[in-house]
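Student: Could we go through this model together, one question at a time? I would like to see how each answer is reached.

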Amino acid sequence: QLRKNDITTFLISNALEWREDESNATNKYKRNKVRNELIPLMRELAGGEQALQKRFNNIDQQSRAISKDLKERATSYLASMPSQSEFWLP
């Protein structure tokens, strides 16, 4: 995962300048409000950046496991149906 610090380090080591869009400092846009307020609050509640990242990773793993399970169940169900059957999704 690439972070702002990685980018600024790269820029400095290559004698390049960082440019900050001044709109990033305001909460005029939802993406900025998320970046400026929600993510710091989530970090605080989780117990820091590493703890928050660990929680996100756990959620991602759980989501992938659920998706895999549902796919396997649907495939099994459809395979068990007679070949002449029609299947309709609601």
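Here are some questions and answers about this predicted model.

Student: Let's begin with the helices. Are α2 and α3 roughly parallel or roughly perpendicular?
Tutor: Happy to start there! The axes of helix α2 (residues 30-46) and helix α3 (residues 49-80) come within 7 Å and cross at roughly 95 degrees. Angles of 65 to 115 degrees count as roughly perpendicular. Therefore α2 and α3 are roughly perpendicular.

Student: How many nonpolar, polar and charged residues are in the contact of α2 with α3?
Tutor: Look at both sides of the contact. Helix α2 brings Ile39, Met42, Arg43 and Ala46, while α3 brings Glu49, Ala51, Leu52, Arg55 and Phe56. Sorted by class, the contact has six nonpolar, no polar and three charged residues.

Student: Now the largest pocket. Which residues that line it are the closest to its centre?
Tutor: Good one to check on the model. The largest pocket has a volume of about 480 Å³. It is lined by 14 residues. The closest to its centre are Arg3, Lys4, Arg35, Ile39 and Arg43.

Student: Which helix gives the most to the lining of the largest pocket?
Tutor: Both α2 and α3 supply at least two residues of that lining. By class, the lining has five nonpolar, three polar and six charged residues. With four residues, the helix that gives the most is α3.

Student: Is Lys4 buried, partly exposed or exposed?
Tutor: You will find Lys4 in helix α1. Its relative accessible area is 47%. Buried means under 20% and exposed means over 50%, so Lys4 is partly exposed.

Student: Which residues does Lys4 touch, not counting those up to four places away in sequence?
Tutor: Let's first try Glu49, which is 45 residues apart from Lys4 along the chain. The C-alpha atoms of Lys4 and Glu49 are separated by 14 Å. The residues that Lys4 touches, leaving out those up to four places away in sequence, are Trp18 and Glu20.

Student: One last residue, Ala15. Is it buried or exposed?
Tutor: Ala15 lies in the loop between α1 (4-13) and α2. Its phi is near 55 degrees, a positive value in a residue other than glycine. The relative accessible area of Ala15 is 72%, and over 50% counts as exposed. Therefore Ala15 is exposed.

Note on methods: Residues are numbered from 1 along each chain as its sequence is written. This is a predicted model: local features need pLDDT of at least 70, side-chain atom pairs count only at pLDDT 80 or more; totals for chains, interfaces and linings use all residues. Side-chain values use heavy atoms; hydrogens and water are left out. Axes are lines fitted to C-alpha atoms, for helices over the stretch in contact, and angles run from 0 to 180 degrees between N-to-C directions. Angles under 35 degrees count as roughly parallel, over 145 as roughly antiparallel, 65 to 115 as roughly perpendicular and the rest as oblique. Contact means heavy atoms within 4.5 Å. Ala, Val, Leu, Ile, Met, Phe, Trp, Tyr, Cys and Pro count as nonpolar, Asp, Glu, Lys and Arg as charged, and the others, Gly among them, as polar. On a 1 Å grid over the protein atoms alone, a cavity is a set of points where a 1.4 Å probe fits but cannot get out, and a pocket is an open set with protein on both sides within 12 Å along at least five of seven lines; lining residues have an atom within 4 Å of a point. Grid points are joined across faces, edges and corners, and a volume is the space filled by probe spheres set on the points. Buried means under 20% relative accessible area, exposed over 50%, partly exposed in between (1.4 Å probe, protein chains only).
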